[in-house]
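Student: I would like to take a close look at a single part of this structure, following one strand through its surroundings. Please go slowly, as I am new to this.

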Amino acid sequence: MLQGKLITLDEFTIQETRKFPQATGELSSLLRDIALAGKVINKHVRKAGLSDILGKQGNTNVQGEEQMKLDVLANDTLIHVLKNSTDCAGIASEENDDHVSYEDTFSANSKYVVLFDPLDGSSNIDVNASIGTIFSIYRRVSELGKQCTEADFLQPGSKLMAAGYIIYGSSTMMVYATKISVNGFTLEPTIGEFCLSHPNIRVPENGKIYSLNQGNTVKFSEGMKAYLNYCMESKKEEGRPYSHRYIGSMVGDLHRTLIKGGIFMYPADKSSPNGKLRLQYECNPMAFIVEAAGGSASNGTQDILDIQPTELHQRVPVFIGSKNMVAKALEFVNATEVVTQ
Ligand code: AHG
Ligand code: MN
Ligand code: MN
């Protein structure tokens with residue numbers, strides 16, 4: 001049963017905008033468009049087993065990864081909705097080789113560009129586990145009135161105006177962060193609105209869950225292996241061994257980390273010196289959300305949000321989540337001598 005006042009995403013962003021007299025409402029309107037794309041993708045995800053959209057598309061994307069049908073459908077939906085938006089100058093997507101700058105006059109006069117991972121956790125699509133859409137919004141640096149340029153998309157995460165994700169899990173939620181706060185909105189399916197359900201999300205400073213693909217351990221650095229031993233060590237008074245949870249969908253694993261605390265890692269290893277996850281589509285938006293909620297995010301030596309991107313599809317190692325857990329992991333990873341405790 002629904003209780004209390006229902007605050008829709010729209011109402012919430014309008015109220016927030018009123019706190020800033022100089023705000024024009026363009027960001028709220030852009031967010032409404034992203035939420036609309038999320039609802040369209042959600043509609044397909046919810047009946048995926050009944051329509052012919054499970055399985056592989058038969059193409060590979062720019063990163064050499066096999067595309068699933070839902071990757072393509074989600075990508076097309078976002079590109080289409082944002083093209084029709086009056087507040088988006090262009091987009092860059094994990095599934096596209098290059099950025100797309102929209103040519104119409106409305107778009108050329110728009111202040112913002114959007115980057116997205118249209119469907120995160122592709123390997124989970126066919127097994128009905130959580131998947132998501134991740135998005136980032138930057139204010140463009142190119143001249144207003146002209147088409148946007150690649151430089152608009154190669155800004156560090158510290159310049160983000162907003163970022164968020166939509167998780168298609170046991171319910172569908174949009175989690176949306178500005179520098180000030182992180183709020184979660186659950187899709188009320190009968191009215192088709194995202195409604196405020198998780199106001200002012202804060203990541204606990206400590207956690208008891210570590211999350212990574214532990215099958216890669218043999219390829220990890222000695223420091224990383226030592227940290228995993230620390231997580232598995234029996235130290236009852238310190239709450240160890242920690243639990244290990246790994247969905248294999250960054251959105252799913254990070255959503256849990258945001259709510260319950262913990263650490264999520266995709267470190268470098270011998271075969272992938274930059275890890276697997278993409279700076280602009282996955283790590284920056286997630287780092288922005290987690291840091292706005294009081295957590296931290298690092299590539300091992302540097303705050304993720306401080307990295308200057310040099311190309312659209314670059315990858316970075318990532319350690320993200322509860323502040324104290326990330327700090328502890330970095331102690332091990334950066335120790336010149338292997339730490340034993
Ligand atoms: P995508 O589906 O957008 O390609 O992203 C998959 C990513 C991420 O969601 C997840 O954390 C990671 O890949 C899982 O990788 P492994 O299967 O190597 O663990
Ligand atoms: Mn992804
Ligand atoms: Mn993806």
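In β7, which residue is the bridge partner of Tyr-138?

Tutor: The partner of Tyr-138 is Leu-160, and before we build on that pair, please keep in mind that we are looking at a predicted model. Strand β7 covers residues 160-168, while strand β6 covers residues 131-139. The two strands β6 and β7 pair in the antiparallel sense, and eight bridges join them.

Some background helps here: the strands of a sheet pair through backbone hydrogen bonds, and they do so either parallel or antiparallel.

On its other pairing, β7 meets strand β8, residues 172-177, again running antiparallel, with six bridges between the two. If you follow the chain from β7 into β8, you will find that the two strands form a hairpin, with three residues separating them. Two pairs let you trace this hairpin by eye: Tyr-168 has Thr-172 of β8 as its bridge partner, and Gly-164 stands opposite Tyr-176, which also belongs to β8.

Now widen the view from the strand to its sheet. Eight strands make up an open sheet of mixed pairing, and their order is β4-β3-β5-β6-β7-β8-β9-β10. At the edges stand β4 (100-101) and β10 (193-198), and because each of these has a single partner strand, one side of each is left without a neighbour in the sheet. Strand β7, by contrast, is listed between β6 and β8 in that order.

Next come the helices that meet this sheet. Helix α3, residues 69-84, lies across β3 (88-93), β5 (112-120) and β6, and its direction runs at about 160 degrees to that of β5. Helix α7, residues 279-292, packs on the sheet as well, where it touches β3, β5, β6, β7, β8 and β9 (182-188), and its direction makes about 100 degrees with that of β7.

Finally, consider how much of the strand is covered, which you can ask of each residue in turn. Eight of the nine residues of β7 are buried, so that the strand is mostly covered; here buried means a relative accessible area under 20%. To put the picture together, β7 pairs with β6 over eight bridges and with β8 over six, and helix α7 is among the elements that touch β7.

Definitions and conventions
Residues are numbered from 1 along each chain as its sequence is written. Chains are lettered from A and ligands numbered from 1 in the order in which they are written. This is a predicted model: local features need pLDDT of at least 70, side-chain atom pairs count only at pLDDT 80 or more; totals for chains, interfaces and linings use all residues. Side-chain values use heavy atoms; hydrogens and water are left out. Two strands pair if DSSP finds at least two bridges between them. Helices (H or I, at least four residues) and strands (E, at least two) are DSSP runs, numbered from the N terminus. Contact means heavy atoms within 4.5 Å. Axes are lines fitted to C-alpha atoms, for helices over the stretch in contact, and angles run from 0 to 180 degrees between N-to-C directions. Buried means under 20% relative accessible area, exposed over 50%, partly exposed in between (1.4 Å probe, protein chains only).
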